[in-house]
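Here is a walk through one protein chain, taken a few residues and helices at a time. Keep the sequence and the structure in view while reading.

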Amino acid sequence: MVKSRGGRPRLNIPLEVLLDAVQRHGHILPAAKELHCSDAYIHGQFKQAGLTLADILAGNGPDTLTEAHEATR
C-alpha cells in the first residue's frame, strides 16, 4: 500500500526562468504573477541560490549569475 505524500506539490520553477522574468519586469511581484507563484517563492529561490535582487537587477545576465552560483557550490 502506497501512501500519498499529501499537501501541495512543489513548483520547481528553474532558476533561469525566475531570473529572466524578474529582469524583464524589473520587480518581483509582476514576475511572480506572470509565473503563477508567490513573491516569497522567488525570494526564497534567490536566497537559496545565494543571489540578491540587487545583483539580478544590476544588469548581470542570467548566464553570469548561474555560472557564479555553480562556482560557489
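R24 forms a salt bridge with E34, and the closest N and O atoms of the two side chains are 3.0 Å apart. This pair links distant parts of the chain, since R24 lies in helix α1 and E34 in helix α2, ten residues apart. The model is a predicted one, and its confidence is worth knowing before going further. The mean pLDDT of the protein is 84, with 77% of its residues at 70 or more. Confidence is highest in helix α2 (residues 28-35), at a mean of 97, and lowest in helix α5 (residues 62-72), at 55. E34 therefore belongs to the helix with the highest confidence.

R24 has a second partner. The side chains of D20 and R24 also meet in a salt bridge, at 3.2 Å from N to O. Here the two residues sit in one helix: D20 and R24 are four residues apart in helix α1 (residues 15-25), so about one helical turn separates them. The count of salt bridges comes to two, and D20, R24 and E34 are linked by them in a network.

How exposed are the three residues of this network? R24 counts as exposed, at 51% relative accessibility, because the cut-off for that word is over 50%. D20 is partly exposed, with a relative accessible area of 35%. E34 is partly exposed as well, at 34%.

The bridge between R24 and E34 joins two helices, and these helices also pack against each other. The axes of α1 and α2 are 8 Å apart and meet at an angle of about 130°. That angle makes α1 oblique to α2. The crossing of α1 past α2 is right-handed. On the α1 side, the contact is made by V17, L18, A21, V22, R24 and H25. On the α2 side, I28, P30, A31, E34 and L35 take part. Both R24 and E34 are thus found among the contact residues, as well as in the salt-bridge network.

Helix α1 has another packing partner, α3. The angle between α1 and α3 is about 120°, and their axes lie 11 Å apart. These two helices are therefore oblique to each other. In this case α1 passes α3 in a left-handed crossing. The contact involves L15, L18, L19 and V22 of α1, together with Y41, I42, Q45, F46 and A49 of α3. L18 and V22 are listed in this contact and also in the contact of α1 with α2.

Two residues outside these helices deserve a look for their backbone. Most residues other than glycine have a negative phi. N12 is not a glycine, yet its phi is positive, at about 55°. N12 is found in the segment before α1, and it is exposed, with a relative accessible area of 60%. H36, which is not a glycine either, has a positive phi of about 60°. The place of H36 is in the loop between α2 and α3 (39-49). H36 is exposed too, with a relative accessible area of 69%.

To bring the parts together, α1 packs against α2 and against α3. The salt bridges link D20, R24 and E34, with the pair of R24 and E34 running from α1 to α2. The positive phi values of N12 and H36 belong to the segment before α1 and to the loop between α2 and α3.

Terms used: Residues numbered from 1 in each chain as written. Predicted model: local features only at pLDDT ≥ 70, side-chain atom pairs only at ≥ 80, totals over all residues. Heavy atoms only, no water. pLDDT = per-residue confidence, 0-100. Salt bridge = Lys/Arg side-chain N within 4 Å of Asp/Glu carboxyl O. Buried < 20%, exposed > 50% of the residue type's maximum accessible area, 1.4 Å probe, protein only. Axes fitted to C-alpha atoms, helices over the stretch in contact; angles between N-to-C directions. Parallel < 35°, antiparallel > 145°, perpendicular 65-115°, else oblique. Left-handed = near helix turned anticlockwise from the far one by under 90°. Contact = heavy atoms within 4.5 Å.
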